[in-house]
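Here are some short exercises on charged pairs and on one pocket. Try each task before you read its solution.

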Amino acid sequence: MILITGSTGQLGQELVKLCQERGIAFRAVARPAFDFEQPESVAACFATAKPDLVINAAAYTAVDKAETDQDAARAGNHTGPLQLAQLCEAANIPFIHVSTDYVFDGAKGAPYVESDPTNPTGVYGTTKRDGEAAILNNTTAKAIILRTAWVYAAHGKNFARTMLGAARRFPTLRVVADQRGTPTAAPDLAQAILAIAARLQQTGWRPQYHGIFHATGSGETTWHGFATAIFAEAAASQKPPEVQPITTADWPTPARRPADSRLDCAKLTQVFGITLPPWRTSLGPIVQQLLTLDPPG
Ligand SMILES: NC(=O)c1ccc[n+]([C@@H]2O[C@H](COP(=O)([O-])OP(=O)(O)OC[C@H]3O[C@@H](n4cnc5c(N)ncnc54)[C@H](OP(=O)(O)O)[C@@H]3O)[C@@H](O)[C@H]2O)c1
């Protein structure tokens, strides 16, 4: 039995869908029944589920709002996940947790490896980094932490949906062209996580599974490149807008983002034999779903 937390989120929904399609036993929990701000709700959900594995897809993900909502961000990304890891430690079951490229400051100038020093530039990244550290340093949980980036899906709030909606209202969009990274399709990340779960079941726990792994789509782009690709995929349904490249300085936000948060995902391939697909390949089907199933407003 897999306990999936944050089942209303982008990743959580994809995990639930895949488990249903594959007949994998799972229990999905979300707010208000499972709320990191209510520790007793976390303990109660865990006790009811009696899981063999926990996949934590719950997190405080509002990067800009976190700057002024620090207590909620800390509960969602640090103290809550730590509590979940402690429950897994006590039950001696593996814990798969998800973290972010925003633990880095983006100044390396090359793809980050897992052992690179972290230096988050905002509250979101800081609380995610503190969550990682607490799980690994303050528990002996069998923890696998997957750092991902630029997550999008056919549902939920994400860059692809925002861009398609904006293009219906404006003929010209200005999009930041000096932040590099890699979009990650939530279905691809969910597949990778369930492949890890299958591996755990096959081999039992092995020491090399413990720790941090980078897990993004393959390749790289900028937000401007991502936007342009989204509109290319949508061109048959909606007229592409003009996408003007701008700098980060032209688009001030409450939280500072890393300029180059590309992640080197070789360790995931070496240890688990998993490589996420090229980001550009995964984009088309999701854009089509966004346009048909859940038309952006
Ligand atoms: N989205 C990205 O671009 C991105 C980038 C890098 C890493 N990540 C990481 O990837 C993981 C999955 O992200 P996502 O895009 O699927 O996020 P998402 O769509 O924002 O979903 C987050 C989920 O967490 C739940 N949640 C929020 N606060 C909670 C709390 N206090 N207690 C319990 N549940 C809470 C949300 O519930 P409600 O529906 O009630 O709000 C939702 O189910 C997260 O760990 C995130 O940090 C995401």
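The model is predicted.

**Exercise 1. Which residues lie nearest the centre of the second largest pocket, and how many residues line this pocket?**

Solution.
Step 1. Take the lining. The second largest pocket has 13 lining residues.
Step 2. Look towards the centre. I2, L53, A197, A198 and Q201 lie nearest to it.
Step 3. Add the volume. It is about 280 Å³ for this second largest pocket.

**Exercise 2. Which helix gives the largest share of that lining, and how does the lining of the second largest pocket divide by class?**

Solution.
Step 1. Find the helix. Helix α6, residues 186–203, supplies the largest share of the lining of the second largest pocket, with five residues.
Step 2. Sort by class. The lining of this pocket holds 10 nonpolar residues, one polar residue and two charged ones.

**Exercise 3. How many salt bridges are there, and which parts does the pair R257 and D64 tie together?**

Solution.
Step 1. Start with the idea. Side chains of opposite charge can pair when their charged atoms come close.
Step 2. Apply the cut-off. A side-chain nitrogen of Lys or Arg must be within 4 Å of a carboxyl oxygen of Asp or Glu. The count comes to 12 salt bridges.
Step 3. Check the pair. From N to O, R257 and D64 are 2.7 Å apart, and their side chains form a salt bridge.
Step 4. Place both residues. R257 sits in the loop between β12 (242–246) and α8 (266–272), and D64 in the loop between β3 (53–56) and α3 (70–91), so the pair ties together parts 193 residues apart in sequence.
Step 5. Add the accessibility. D64 is partly exposed, because its relative accessibility is 24%.

**Exercise 4. Are E132 and R147 buried or exposed?**

Solution.
Step 1. Confirm the contact. E132 and R147 form a salt bridge, with their closest N and O atoms 2.7 Å apart.
Step 2. Place the partners. E132 is in helix α4 (residues 123–138) and R147 in strand β5 (residues 142–148), so this pair ties together parts 15 residues apart in sequence.
Step 3. Settle the burial. E132 and R147 are both buried.

**Exercise 5. Which residues are linked with E220 in a network of salt bridges?**

Solution.
Step 1. Begin with one pair. E220 bridges to R262, and the closest N and O atoms are 3.1 Å apart.
Step 2. Compare burial. E220 is partly exposed at 36% relative accessibility, whereas R262 is buried at 9%.
Step 3. Widen the view. The network links R180, E220, D260 and R262.

Methods:
Residues numbered from 1 in each chain as written. Predicted model: local features only at pLDDT ≥ 70, side-chain atom pairs only at ≥ 80, totals over all residues. Heavy atoms only, no water. Helix = DSSP H or I, 4+ residues; strand = E, 2+ residues; numbered from the N terminus. Buried < 20%, exposed > 50% of the residue type's maximum accessible area, 1.4 Å probe, protein only. 1 Å grid on protein atoms, 1.4 Å probe; cavity = no way out; pocket = protein on both sides within 12 Å on 5 of 7 lines; lining within 4 Å. Points joined across faces, edges and corners; volume = space filled by probe spheres on them. Nonpolar A, V, L, I, M, F, W, Y, C, P; charged D, E, K, R; others polar.
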